[in-house]
Structure formats: structure tokens, C-alpha cells
Amino acid sequence: AKFFLGEILKTSILHEIIPYLPAITSFVNLFGQSECQCICAFKVDDLRHASFDSSVIPIGRPLPGCQVVLLDEYEQQITTVDTIGELYVRGKQRIR
């Protein structure tokens, strides 16, 4: 598997590098805030069968013991789709 960590993983970038990685069959998109310098969410995909329906690869699910929430400007949790907010990370990874 190939691991990606850092900025938003754009589908266009993934399409550009796939031809150079013929032996790689899967990838892991890791997410972690630079403030906490830890991995708090991940998504694993099969390169051969992945459907790239959007322009970016999702950050995936939180790791065990970690919670990733989207909050609005009033620090209320956002539960609707297509709403702008900020990601907040809670859990053990933040205190290590």
C-alpha cells in the first residue's frame, strides 16, 4: 500500500501518479492536524476498484479513541452536507 499524509489528496494527483506505481494495489489516505502532529483518521482504498466520484479523496474514519467533528463559527456541531466549518479532533491522540 502507498500512504499519503499532508494536504488534501486530490483525485487529479492520484490519477497522475497511478501509472508510476504499477505494483501498488491500494492506498491509505491519512489525516492528522499539524497542531497535534498525529494521525487521527484514515481511509483505505483499492486503486484497481476505487471510484473517484469527487475531486478530493475523503479523509475517512477516525481511529479508535479519536473523534473528528465539524464545527461552525459558534462551535456547534455541523450535521448537514455541504456546510463550511472547521475540523476539531478530540481523543487520546491529542494528549500524547
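In the predicted model, S26 lies opposite D46 of strand β3. This pair belongs to the contact between strand β2, residues 26–31, and strand β3, residues 41–46. The two strands are antiparallel and are connected by 6 bridges.

Strand β2 also pairs with β1, here in the parallel sense, through 4 bridges. Within this pairing, K2 is placed opposite F27 of β2. Strands of a sheet are held in such pairs by backbone hydrogen bonds, in either the parallel or the antiparallel arrangement.

Taken as a whole, the sheet is open and comprises 4 strands in the order β1-β2-β3-β4, with mixed pairing. Its edges are formed by β1 (2–5) and β4 (61–62), each of which pairs on one side only.

The surroundings of β2 were examined next. This strand is mostly covered, with 6 of its 6 residues buried, that is, under 20% relative accessible area. Side chains in a regular strand alternate between the two faces of the sheet. In β2, S26, V28 and L30 point one way, whereas F27, N29 and F31 point the other way. The residues of both sets are buried. S26, which faces D46 in β3, and F27, which faces K2, thus point in opposite directions from β2.

Conventions: Residues numbered from 1 in each chain as written. Predicted model: local features only at pLDDT ≥ 70, side-chain atom pairs only at ≥ 80, totals over all residues. Heavy atoms only, no water. Pairing = 2+ DSSP bridges. Buried < 20%, exposed > 50% of the residue type's maximum accessible area, 1.4 Å probe, protein only.
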